[in-house]
Amino acid sequence: MRQSKNSRRLTALAAALLLAGCANMSGIESQASVRDAASVGLAPAQGQAFAPAAQWWREFGDDQLNQLVDLALRDNPTLKIAQARRARAQAVSEVADAARLPQVNGSLELTGQRYSANGAVPPPLAGSMRSSGTLQLSASWEIDFFGKNQAALDAALGAAQAAQADAQAARVLLASNVARSYFRLARLNDQLAVAGRTLAQRNESLGLVRERVRAGLDTQLELHQSEGALPEARQQIEALQEQAELAQHALAALTGQGNRSVVRAQPTLATVTAVALPTQLPADLLAQRADVAAARWRVEAAGHDVKNAKAQFYPNINLLAFAGLSSIGLGRLIDSGSEQWGVGPAIRLPIFEGGKLRANLRGKAADLDAAVESYNAAVLDAIHDAADQIASSRSIARQQAEQRDAHAAAESAYQVALQRYKAGLGTYLNVLTAETSVLNQRRLAVDLAARALDTQVALVRAFGGGYTAEAVVTASR
């Protein structure tokens with residue numbers, strides 16, 4: 001008889017396992033694949049690869065710029081948001097780590113209850129009002145046979161690493177925005193110097209024209225032409241001053257200072273030291289970029305989410321235990337006869353979930369595909385960005401060489417036109433034309449110098465901005 005009961009139990013268990021096999025995960029897999037360095041044309045670099053320093057902005061040799069970047073890294077709200085997200089992700093990983101450990105809880109329950117006189121409770125409790133109490137410790141431990149909790153922890157750690165990389169990317173972007181805004185202000189100050197020099201030059205020309213008009217050598221036409229050039233020069237100065245003020249507002253916002261002035265001494269391009277630039281893309285470019293690292297960590301996290309979803313198909317095994325005191329009547333709660341305890345396993349076996357487990361796995365596989373393609377997009381954007389900045393830096397260097405020759409020729413032509421005009425051999429219109437060419441070349445020289453610095457900052461950011469990976473580790477791992 002006993003053997004017959006055991007056979008029935010084994011049969012029931014086999015039937016349950018057979019039904020569990022129907023909840024299978026076949027046919028659900030991620031389809032995307034990660035692009036490697038070779039597949040996107042990154043060849044091994046020849047010689048020492050370019051890797052920006054962690055505080056790369058100090059290489060420009062401007063103390064005021066250093067102070068502004070330090071101020072931004074301390075007070076900018078956007079960076080603090082990224083840091084808060086990093087802390088939140090770290091906390092989630094600690095919660096996932098705690099799920100792998102035994103859980104112990106204590107409870108105290110005190111209840112006053114009237115027992116039904118017509119229920120299942122016999123006299124003398126039936127129809128009486130009694131107090132009852134329970135003082136108990138309970139413990140549970142989910143044994144992670146199939147790696148579900150470990151996969152959840154690994155996914156949380158991947159998300160924490162991604163948040164850490166995002167915070168580093170925000171730091172790099174903020175520092176580069178401060179530097180670029182600072183160099184924009186320097187460009188505007190240099191343009192103001194050019195505009196001031198132009199205004200002074202036109203005032204000198206106006207004095208010369210007036211003398212020639214009084215001497216009968218020029219007409220009112222030349223005088224009006226000379227006078228008309230002054231309002232234009234003053235308008236350009238006013239427009240540049242407006243832009244310079246807006247640039248200072250931008251720096252105040254980036255550094256988290258609101259309406260307080262953060263620029264003590266007006267910068268110029270001449271006070272900034274140019275930094276060395278790379279001429280090719282290194283094979284380890286992707287490891288130097290915080291945004292690419294964050295995308296890769298999200299791929300890792302999504303992969304562990306898939307493992308966790310697969311582990312949901314397997315039995316869930318817990319060890320449960322409790323020990324404590326329980327009594328009807330609080331006066332006997334701490335008596336030895338009120339002791340109670342228990343221990344045993346609890347097994348949860350998914351047999352029929354209405355397709356929920358397969359749907360969850362399909363969703364996690366789709367999330368993995370999305371994470372992989374997001375990583376691939378980040379890789380392509382990083383290469384595009386770095387390649388563009390290298391091409392621009394090369395072109396700007398060539399443009400500056402040609403511009404210097406053009407500037408020298410324009411200055412010579414202006415001096416010749418001015419001397420001919422003074423000697424009565426040329427018209428004032430020729431002077432104005434030559435002056436316009438000189439003014440354009442002066443402006444272009446400032447713009448190219450500013451573009452060179454801006455490109456250097458953009459190139460530093462494109463090469464990672466000094467990013468180095470920082471591990472996120474849980475205490476018990």
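Let's start with strand E4 (residues 339–348): just one of its 10 residues is buried, so the strand lies largely in the open. Keep in mind that you're looking at a predicted model. Its pLDDT averages 81 over the chain, and 88% of the residues score at least 70. Here's a tour, beginning with E4 and its partners.

**Strands side by side**

- E4 pairs with strand E3 (residues 316–328), and the two are antiparallel, with 10 bridges between them.
- Want some landmarks on that pairing? Look for Ile-317, which sits opposite Ile-347 in E4.
- Leu-325 is another handy one, as its bridge partner in E4 is Glu-339.
- E3 also pairs with strand E2 (residues 129–143), again in the antiparallel sense, and here 12 bridges join them.
- On that side, you can spot Leu-137 standing opposite Ala-323 in E3.

**The whole chain**

- How many helices and strands does the chain have? The tally is nine helices and four strands.
- Going along the sequence, they come in the order α-α-α-β-β-α-α-α-α-β-β-α-α.
- The chain has 477 residues, and 40% of them count as buried.
- If you take the contacts with a separation of 6 or more, 84% are between residues 24 or more positions apart.
- Which elements have the lowest and the highest mean pLDDT? Helix H1 (residues 2–22) has the lowest, at 52, while helix H2 (residues 63–75) has the highest, at 90.

**The nonpolar cores**

- In soluble globular proteins, nonpolar side chains tend to be buried together.
- In this model, the largest nonpolar core holds 73 residues, and the members touching the most others are Trp-56, Phe-60, Leu-65, Val-178, Phe-183, Leu-251 and Phe-463.
- Plenty of helices chip in: H2, H4 (148–214), H5 (220–254), H6 (285–288), H7 (290–311), H8 (356–422) and H9 each supply at least two residues of this core.
- Which helix gives the largest share? That's H4, with 14 residues.
- Another core lies apart from this one; it has nine residues, including Tyr-414, Ala-417, Leu-418 and Val-438.
- Back in the largest core, zoom in on Leu-251: setting aside neighbours within four places in sequence, Leu-251 is in contact with Leu-68, Val-178, Ser-181, Tyr-182, Leu-185, Val-262 and Val-263.

**A buried threonine**

- Thr-455 is part of helix H9 (residues 428–462).
- Is Thr-455 buried or exposed? Its relative accessibility is 6%, and buried means under 20%, so Thr-455 counts as buried.
- Not counting residues up to four places away in sequence, Thr-455 touches Gln-389, Ser-392, Ser-393 and Ile-396.

**The largest pocket**

- The largest pocket has about 200 Å³ of space in it.
- What lines the largest pocket? You'll find Ala-169, Ala-170, Val-172, Leu-173, Arg-289, Ala-290, Asp-291, Asp-385, Arg-461 and Gly-464 there.
- H4 and H7 each supply at least two residues of that lining.
- H4 gives the most to the lining, with four residues, just as H4 gives the largest share of the largest core.

Conventions
Residues are numbered from 1 along each chain as its sequence is written. This is a predicted model: local features need pLDDT of at least 70, side-chain atom pairs count only at pLDDT 80 or more; totals for chains, interfaces and linings use all residues. Side-chain values use heavy atoms; hydrogens and water are left out. pLDDT is the predictor's confidence in each residue, from 0 to 100. Buried means under 20% relative accessible area, exposed over 50%, partly exposed in between (1.4 Å probe, protein chains only). Contact means heavy atoms within 4.5 Å. Two strands pair if DSSP finds at least two bridges between them. A nonpolar core is a set of buried Ala, Val, Leu, Ile, Met, Phe, Trp, Tyr and Cys residues joined through side-chain atoms within 4.5 Å. On a 1 Å grid over the protein atoms alone, a cavity is a set of points where a 1.4 Å probe fits but cannot get out, and a pocket is an open set with protein on both sides within 12 Å along at least five of seven lines; lining residues have an atom within 4 Å of a point. Grid points are joined across faces, edges and corners, and a volume is the space filled by probe spheres set on the points.
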